[in-house]
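User: I am new to this structure and should like to learn how to read its features. Please give the general idea first and then the case at hand.
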Amino acid sequence: MTVRLKVNGMAREGRCPPRKLLVDFLREDLALTGTHVGCEHGICGACTILFNGEAARSCLLLAVQADGAELMTVEGLVRDGALHPLQEAFREHHGLQCGFCTPGMLLTALDLLRAHPEPTEDDIREGLSAVLCRCTGYHGIIKAVQAAAPRLR
Ligand code: FES
Ligand code: FES
């Protein structure tokens, strides 16, 4: 099947079997390896991307379902070589250690901040509960999202 879509603002195209997962298509066919694969069944959130502007698990979608869609992956956060304010906040507040959950955490946080530009700590905790981190205990991640919120408003 041919899949034509827009990823990080660029028109992309690839051919894949109809049963190929979107996360595998992004990583293997479009060479966008920033999106990570953890559980492959919708639990960990490592594979989260923005699908037509909303956070979605790319391990629960087929590549063919993205035909005609607009996606954002973690690679799309960088602009002209500069980190996105959310990435800067993660760096400043030690929001990552091994970094495995970080792509999914960033895209989930971006979606959260669009829906809740002035989130409470509870909003952030609930929103980020969709992504599992084995390293940080979430403290730095929550601080990073709190710091990024005013910068994104
Ligand atoms: S790899 Fe998709 S939710 Fe875990
Ligand atoms: S930073 Fe290691 S899993 Fe989250």
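User: How far is the sulfur of cysteine 16 from the closest cysteine sulfur, and what follows for a bond?

Analyst: A disulfide is a pair of cysteine sulfur atoms within 2.5 Å. In this predicted model, the closest cysteine sulfur to that of cysteine 16 belongs to cysteine 59 and is 16 Å away, too far for a bond. A search of the whole structure finds zero disulfides.

User: On what conventions do such values rest?

Analyst: Residues are numbered from 1 along each chain as its sequence is written, and chains are lettered from A and ligands numbered from 1 in the order in which they are written. As this is a predicted model, local features need pLDDT of at least 70 and side-chain atom pairs count only at pLDDT 80 or more, while totals for chains, interfaces and linings use all residues; side-chain values use heavy atoms, with hydrogens and water left out.

User: Is cysteine 16 buried or exposed?

Analyst: Buried means under 20% relative accessible area, exposed over 50%, and partly exposed in between (1.4 Å probe, protein chains only). Cysteine 16 has 6% relative accessibility and therefore counts as buried. Cysteine 47 is buried as well, at 2%.

User: How should a nonpolar core be read, and which residues have the most contacts inside the largest one?

Analyst: In soluble globular proteins, nonpolar side chains tend to be buried together. A nonpolar core is a set of buried Ala, Val, Leu, Ile, Met, Phe, Trp, Tyr and Cys residues joined through side-chain atoms within 4.5 Å. The largest one here has 26 residues, and Leu86, Phe90, Met105 and Val145 have the most contacts inside it. Helices H2 (85–92), H3 (102–115), H4 (121–128) and H5 (139–152) each give two or more residues to this core; helices (H or I, at least four residues) and strands (E, at least two) are DSSP runs, numbered from the N terminus. Apart from this core lies another, of 17 residues, including Leu5, Cys16, Phe25 and Leu32.

User: Where does leucine 128 lie, and which residues does it contact beyond its neighbours within four places in sequence?

Analyst: Leucine 128 lies in helix H4 and is buried, at 2% relative accessibility. Contact means heavy atoms within 4.5 Å. Beyond those neighbours, leucine 128 is in contact with Met105, Thr108, Ala109, Ile141 and Val145.

User: In what order do the strands of the sheet lie?

Analyst: Strands of a sheet pair through backbone hydrogen bonds, either parallel or antiparallel. Two strands pair if DSSP finds at least two bridges between them. This open sheet of five strands has the order E2-E1-E5-E3-E4, with mixed pairing. Its edge strands are E2 (10–15) and E4 (54–57).
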